[in-house]
Amino acid sequence: MLVDVFEQYESEVRSYCRAFPTVFTKAKGAYIEAQDGRRYLDFFAGAGALNYGHNPDSIKHKLIEYLQNDGILHGLDMYTDAKGAFLKALQERILIPRQLDYRVQFCGPTGTNAVEAALKLARKVTGRRNVFTFQGGFHGMTLGSLACTGNSYNRAAAGTSLPDVTFMPYPFGAMKNIDTIAYIEAVLSDSASGVDKPAAMILETVQAEGGVVVAPVEWLQKIRALCDKHDILLIVDDIQIGCGRTGGFFSFERANIKPDIVTLSKSISGSGLPLAIVLLKPEFDKWQPGEHNGTFRGNQLAFVSATAGLELWDSLNIPAQVETKSAILQKELSSIAERLDPRIELRGLGMIWGLDLTPLKEPTLIDQVTTKCFEEGLIIENAGRKGQVLKFLPPLTVTETELREGIDIVEHALLKVLK
Ligand SMILES: Cc1ncc(COP(=O)(O)O)c(C=O)c1O
């Protein structure tokens, strides 16, 4: 098959395929294979949806078994054994050990559906309309979540107003030089600030699309305290960096805080099947039956897969794996940056790292680097305010050899492009 079929028949809105213009047919572990037999190391991992890599055997076998038994595929929000098993596994393997008391809301199957539900619930619970979101944040493409997304290119495509949000500074770039917490506190405390008291604050503890920007632990704790003081709900959007990406199952564990609402999607299904959930403290479960719904909120195959994924979380001891491989990424990438150009900034934690080329002030470099990586057999994407951050998002199960292989490809690509 030629790429012409896509170029002729698919909308211009397609995007990642433009950077990786080949036809893929198979995938296993950290590798994805094209129809010409060429194998690519995948350091993009479905934009964070493939924390356990492509087609993990144990999940695949459970899915095949379920299909062969004529398990229910479409279940709306009926009680099914697949959903029950997932709810139980999530409680027993993840929530109870962390003393997290959350109910689970199933919504439409993509991340933005979870964000919409979380925003709607926060507004309903508090009776307030405004929401504080953070500069550089990314929360999805439907109108409510897009309103909370900073990216001007995506916002412009809305074609309508994106109301009832106020952007607050995230501790990054020029905002690092101001006391962002004092600023937010001042806005909340001043009855003449002109900013309506919000129902919630929504944030990523590491801005992923925003360019791998890690919020300091102390900052996250102060945000939690501010929300408590002013009776505001805290929503942590863990769609991209949850499910182990930062070391703990949830990204907020490192700050030892408990959000009121958490959104999860991407890797929660364990295999890339669509699934999104909202975790909410029971006291905020003010929904009336069916008040928020969606035809595909009962993706049974995704439940089967997610339950098997949580088993893998335990059996593979993912946090220990992340710790070891995070250290390799940090050491090797900082050494590359130092050797090639000390202006390149490295940021990240766990298994999400970014090499920020912004200070080089040569905007075309990044595309040359990702293109060169692709030619040499590595899929890696860029992120960031100006798209200048090379974002490392390998599967958490990548082997150390594969990890080093990918890092070597990046180093060669950078060497070629920066020479
Ligand atoms: C933090 C965050 N929230 C929400 C979303 C939206 O998820 P989806 O693309 O599945 O709607 C994304 C997607 O990248 C994300 O990274």
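Cysteine 107 sits buried in this predicted model, with a relative accessible area of 2%. Cysteine 243 is tucked away too: it is buried, at a relative accessible area of 3%. So what keeps the sulfur of cysteine 107 from bonding to the closest cysteine sulfur? The answer is distance, because that closest sulfur, in cysteine 243, is 13 Å off, too far for a bond. Looked at from the other end, the closest cysteine sulfur to that of cysteine 243 is the one in cysteine 107, again 13 Å away and too far for a bond. A disulfide, after all, is a covalent bond between two cysteine sulfurs, and here the cut-off for calling one is 2.5 Å. In line with this, searching the whole structure turns up zero disulfides.

On to the strands. Strand 12 covers residues 277–280, and its side chains split two ways: Ile277 and Leu279 point one way, while Val278 and Leu280 point the other. In a regular strand, side chains alternate between the two faces of the sheet. Whichever way they point, all of these strand 12 residues are buried.

Which strands does strand 12 pair with? One is strand 4 (residues 103–106), which pairs with strand 12 in the antiparallel sense over four bridges. Strand 11 (residues 261–264) is another, also running antiparallel to strand 12 and joined to it by four bridges. Valine 278 makes a handy landmark for both pairings. From strand 4, glutamine 105 has valine 278 as its bridge partner, and from strand 11, threonine 263 stands opposite valine 278.

Technical notes. Residues are numbered from 1 along each chain as its sequence is written. This is a predicted model: local features need pLDDT of at least 70, side-chain atom pairs count only at pLDDT 80 or more; totals for chains, interfaces and linings use all residues. Side-chain values use heavy atoms; hydrogens and water are left out. Buried means under 20% relative accessible area, exposed over 50%, partly exposed in between (1.4 Å probe, protein chains only). Two strands pair if DSSP finds at least two bridges between them.
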